[in-house]
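The exercises below are to be worked with the sequence and the 3D view side by side. Try each task before reading its solution.

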Amino acid sequence: MVHIELTTATSGYDRKTCWVHARAGAIPGDPPIVVMTMQKLRLTGSDVFYELNEMRTDDGGATWSGPTPHADTLGRRLLEGGIEEGISDFTPAWHERSGRLLGTGHTVRYLNDNLHPHPRARSSVWTVYDPDARTWTPWRKLQPPDEVRFFDEGAGSTQRVDLPGGDILLPSYFALPGTTSGIFHGQYAVTVIRCRFDGDELAWVENGDEFTTEIGRGMCEPSLAQLGDRFYLTIRNDEAGYVTSGRDGLHFDEPRLWTFDDGSELGNYNTQQHWVTTPDALYLVYTRRGANNDHVMRHRAPLFMAQVDPERLCVLRDTEVIVVPERGARLGNFGVTRVAPHESWTTVTEWMQTGPPDPHDSTVCERYGSDNSVFVAKLRFD
């Protein structure tokens, strides 16, 4: 049984920008230090993100400091031709072997404060947090093999698994080159990268199986979890979510559609999903159709959670609960962090852009009660 305590770290916005991508990492302690990163989005653009900010709690989420901007180390950098390169889709997580809070994400490029047109280079990035100085190291790029297929590769909005020896299994996705012209056409494939981290440097060692589909833009935003001696990968696609499992975190069975245990489709589409794990159970946090939520862009609210049958790879419908309720705004870009063996937090912001005909009219979300709240849902398992 799960007990859910929904809290709000901060709320309110200026109708010009809104907070997005709230994801947290927990530094062990009693209580743990939880550091939550997020960034502002320009409402009149498409995925126009600014520097990462930090909120932090040292008392179990009773109080939060921040948001504190980190423009010098986690902001945009100027490249040739007026191009700016920043980072987004960031996820911090504790690395036990090194005793460091390591955050990963990917780069995004802008020209005149709008997304740079394709083909657009993209890279996985990483940075390390100093809890005493409350600073992050300047973000650095993970160096992939020198292959054209990794021109547009990034570990954005993914969950990783750290192995006992310290190696990291980092899910990522990359754009497949065009078959004739060499121009990247937006068809994505997912893979898991095995990385080595010594506390200061993150290095690409190898990557595992690669999966895609001809449906929509392929497969992207994978997230990885481990239960016992099995690894589980959940994957975003334009029309449906996919799931697979494997023995070592690099090699997996062929992905299948996410379904409920009665065989019906889960209803998640064009949106990421993330894992919650306890020592003896596996759960999925997701959004879906069919929840009186047709007014929400891509049905990205509310946030649901349900237990997963690890053998049949399906969601147990009778265990489904709402983690964060729907108030008009989408909640699809969220994070999950474990703060104790039987406690995890789901963090998410109300993304104040809406759907057609005017996706930049944030007052549409306000009519249902949204105010760009940053929610922290504390999940405690018996």
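How many disulfides does the count come to? The structure is a predicted model, and the exercises treat it as such.

**Exercise 1. Cysteines**

Task: Find the number of disulfides and check Cys 18 as a test case.

Solution.
- Step 1. A disulfide is a covalent bond between the sulfur atoms of two cysteines.
- Step 2. The cut-off for the pair of sulfur atoms is 2.5 Å.
- Step 3. For Cys 18, the nearest cysteine sulfur belongs to Cys 365 and is 8.5 Å away, so by the 2.5 Å cut-off Cys 18 is in no disulfide.
- Step 4. The count for the model is zero disulfides.
- Step 5. Cys 18 has 1% relative accessibility and counts as buried, because buried means under 20%. Cys 314, with a relative accessible area of 4%, is buried as well.

**Exercise 2. An open sheet**

Task: State the strand order in the sheet that contains β20, and say which strands stand at its edges.

Solution.
- Step 1. The sheet is open and has four strands, in the order β18-β19-β20-β21. Their pairing is antiparallel.
- Step 2. The edges are taken by β18 (220-227) and β21 (256-257). Each has a single partner strand, so one side of each has no neighbour in the sheet.
- Step 3. Look at one pair in detail: β20 (residues 242-246) is joined to β21 by two bridges, in the antiparallel sense. Tyr 242 is opposite Leu 257 of β21.

**Exercise 3. Two hairpins that share a strand**

Task: Describe how β7 is paired with β6 and with β8.

Solution.
- Step 1. β6 (residues 77-78) runs antiparallel to β7, and two bridges join them. Leu 78 has Glu 84 in β7 as its bridge partner.
- Step 2. The hairpin of β6 and β7 has four residues between the strands. Gly 81 in this hairpin has a positive phi near 75°.
- Step 3. β7 is also joined to β8 (residues 100-111), by eleven bridges, and this pair is antiparallel. Pro 92 has Gly 103 in β8 as its bridge partner.
- Step 4. β7 and β8 form a hairpin with four residues between them, and Gly 99 in the turn has a positive phi of about 70°.
- Step 5. Of the 13 residues of β7 (residues 83-95), ten are buried, and the strand is mostly covered.

**Exercise 4. Backbone angles**

Task: Locate two cis peptide bonds before proline, then two residues other than glycine with positive phi.

Solution.
- Step 1. The bond from Asp 30 to Pro 31 is cis, with omega near 0°. Pro 31 is in the loop between β2 (17-27) and β3 (33-42).
- Step 2. The bond between His 118 and Pro 119 is cis, with omega about 0°. Pro 119 is in the loop between β9 (114-115) and β10 (124-130).
- Step 3. Glu 221 has a phi near 45°. Glu 221 is part of strand β18 and is buried, at 5% relative accessible area.
- Step 4. Asn 270 has a phi near 50°. Asn 270 is in the loop between β21 and β22 (274-278) and is buried, at 8%.

**Exercise 5. Surroundings of a threonine**

Task: Is Thr 57 buried or exposed, and what is it in contact with?

Solution.
- Step 1. Thr 57 is in strand β4 (residues 49-57). Its relative accessible area is 1%, so it is buried.
- Step 2. A polar atom of the Thr 57 side chain lies 2.9 Å from the backbone nitrogen of Gly 61.
- Step 3. Apart from neighbours within four places in sequence, the contacts of Thr 57 include Pro 32, Ile 33, Trp 64 and Trp 345.

**Exercise 6. Nonpolar cores**

Task: Which strand gives the most to the largest nonpolar core?

Solution.
- Step 1. In soluble globular proteins, nonpolar side chains tend to be buried together.
- Step 2. The largest nonpolar core has 18 residues, and Val 276, Leu 303, Met 305 and Val 324 touch the most other members.
- Step 3. Strands that each supply at least two residues are β23 (281-286), β24 (303-309), β26 (321-324), β27 (334-340) and β29 (374-381). β29 gives the most, with four residues.
- Step 4. A second, separate core has 17 residues, among them Val 161, Leu 169, Leu 233 and Tyr 242.

Note on methods: Residues numbered from 1 in each chain as written. Predicted model: local features only at pLDDT ≥ 70, side-chain atom pairs only at ≥ 80, totals over all residues. Heavy atoms only, no water. Pairing = 2+ DSSP bridges. Buried < 20%, exposed > 50% of the residue type's maximum accessible area, 1.4 Å probe, protein only. Polar contact = N/O pair within 3.5 Å; in protein donor to acceptor, adjacent residues only side chain to side chain. Contact = heavy atoms within 4.5 Å. Core = buried A, V, L, I, M, F, W, Y, C linked by side-chain atoms within 4.5 Å.
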